[in-house]
Amino acid sequence: MDPFSAVSEELAEIHGEISDIFRALSNGFQKLEKVKDSNRQSRQLEELTEKMRECKRLIKEFDRKAKDLESRNDPDTNKMLNEKKQSMIKELNSYVALKKQYASNLENKRIDLFDGSTEGYGEDNVLLASTMTNQQLVDSGNRMMDETDQAIERSKKTVQDTVNVGTETAAALKAQTEQMSRVVNELDSIHFSIKKASQLVKELGRQVATDKCIMALLFLIVVGVIAIIIVKLVNPNNKDIRDIPGLAPPAMTRKLLWC
């Protein structure tokens with residue numbers, strides 16, 4: 001008689017299903033060694049993976065039912081149930097390792113037992129954790145907490161460094177913005193100065209042109225006056241030429257009358 005039947009018919013049924021899956025896994029991996037085609041190996045490996053998923057679910061169900069009956073069972077029965085659970089976990093882990101070995105040998109895409117690489121590792125760790133003692137679990141938990149604290153500290157340092165870099169960058173941008181503002185103001189001043197200088201140059205040009213005209217006119221007047229004076233001196237009897245104001249006419253020759 002199945003010893004689990006005396007404890008619970010449901011436990012006996014779950015144990016029977018797990019045993020059937022283990023036999024199927026054993027036969028499946030034996031057949032897998034004889035298959036040479038990589039595609040067939042990959043398909044059979046997927047089928048075996050599905051069986052391992054189902055086996056994992058049944059082991060969890062077995063453990064849950066055993067814990068529900070723990071208060072009603074005697075210590076020896078609880079010990080027997082726990083040992084059986086540990087034995088099934090170890091056997092399942094051996095098939096998981098064998099599956100990973102075949103997947104690696106096929107150089108195929110890694111077939112994850114629990115739908116996703118991270119999740120698969122987590123579930124495998126759950127199965128392995130069930131085989132550890134309380135002290136080992138505590139030590140492992142403390143080690144993981146220390147690693148987590150170190151990762152948090154590194155993250156804090158990275159964040160602080162990022163904040164410092166951001167602050168320095170903001171200060172540099174502010175200084176550059178102020179410098180650009182000063183440059184723009186200086187350019188405006190230079191532009192105004194150039195515009196003012198251009199206006200002054202135009203005014204000076206107009207003044208120089210005006211002065212040249214005046215000087216030319218004065219030169220013409222002086223030349224005309226000099227020409228008239230020369231003509232008057234050369235030909236004083238010429239009545240067509242008027243006397244120049246301010247310039248005395250030549251003295252008349254006085255003739256003496258002799259009586």
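Biologist: Is aspartate 20 buried, partly exposed or exposed, and what is its relative accessible area?

Modeller: Keep in mind that this is a predicted model. Buried means under 20% relative accessible area and exposed means over 50%. Aspartate 20 falls in between, so it counts as partly exposed, with a relative accessible area of 43%.

Biologist: Which residue does aspartate 20 meet in a salt bridge?

Modeller: Side chains of opposite charge can pair when their charged atoms come close. In helix H2 (residues 9-34), aspartate 20 has a residue 3 positions away, about one helical turn. That partner is partly exposed, with a relative accessible area of 49%. The N to O distance of the salt bridge is 2.1 Å, and the partner is arginine 23.

Biologist: Let's move to helix H3. What is the N to O distance between aspartate 63 and lysine 67?

Modeller: Both residues lie in helix H3 (residues 38-68), 4 residues apart, which is about one turn of the helix. A salt bridge needs a side-chain nitrogen of Lys or Arg within 4 Å of a carboxyl oxygen of Asp or Glu. Aspartate 63 and lysine 67 form a salt bridge, with an N to O distance of 3.4 Å.

Biologist: Which of those two, aspartate 63 or lysine 67, is buried?

Modeller: Lysine 67 has 52% relative accessibility, so it counts as exposed. The other residue has a relative accessibility of 19%, and buried means under 20%. The buried one is therefore aspartate 63.

Biologist: Which residues are linked with Arg64 in a network of salt bridges?

Modeller: Start with one pair: arginine 64 and aspartate 68 meet in a salt bridge at 3.6 Å, N to O. They are 4 residues apart in helix H3, about one helical turn. Arginine 64 is partly exposed at 40%, and aspartate 68 is partly exposed at 47%. The residues linked with Arg64 in the network are Glu61 and Asp68.

Biologist: How many salt bridges are there by this rule?

Modeller: We have met some already, including the one between aspartate 20 and arginine 23. Another is the one between aspartate 63 and lysine 67. By this rule, the count of salt bridges is 9.

Biologist: Now for the nonpolar side of things. Which residues make the nonpolar surface patch of about 450 Å²?

Modeller: One of its members, leucine 218, is found in helix H6 (residues 134-234). An unreviewed UniProt entry annotates residues 214-234 as a "transmembrane region". Over that stretch the chain is 100% helix, and its end C-alpha atoms are 30 Å apart. The patch is made by Ile214, Leu217, Leu218, Ile221 and Val225.

Conventions
Residues numbered from 1 in each chain as written. Predicted model: local features only at pLDDT ≥ 70, side-chain atom pairs only at ≥ 80, totals over all residues. Heavy atoms only, no water. UniProt positions renumbered as here; feature names shortened; annotations may be inferred. Helix = DSSP H or I, 4+ residues; strand = E, 2+ residues; numbered from the N terminus. Patch = residues over 30% accessible without salt bridge, like charges linked within 9 Å, V, L, I, M, F, W, Y side chains within 5 Å. Areas by Shrake-Rupley, 256 points an atom, 1.4 Å probe, with all protein chains shown as cover. Buried < 20%, exposed > 50% of the residue type's maximum accessible area, 1.4 Å probe, protein only.
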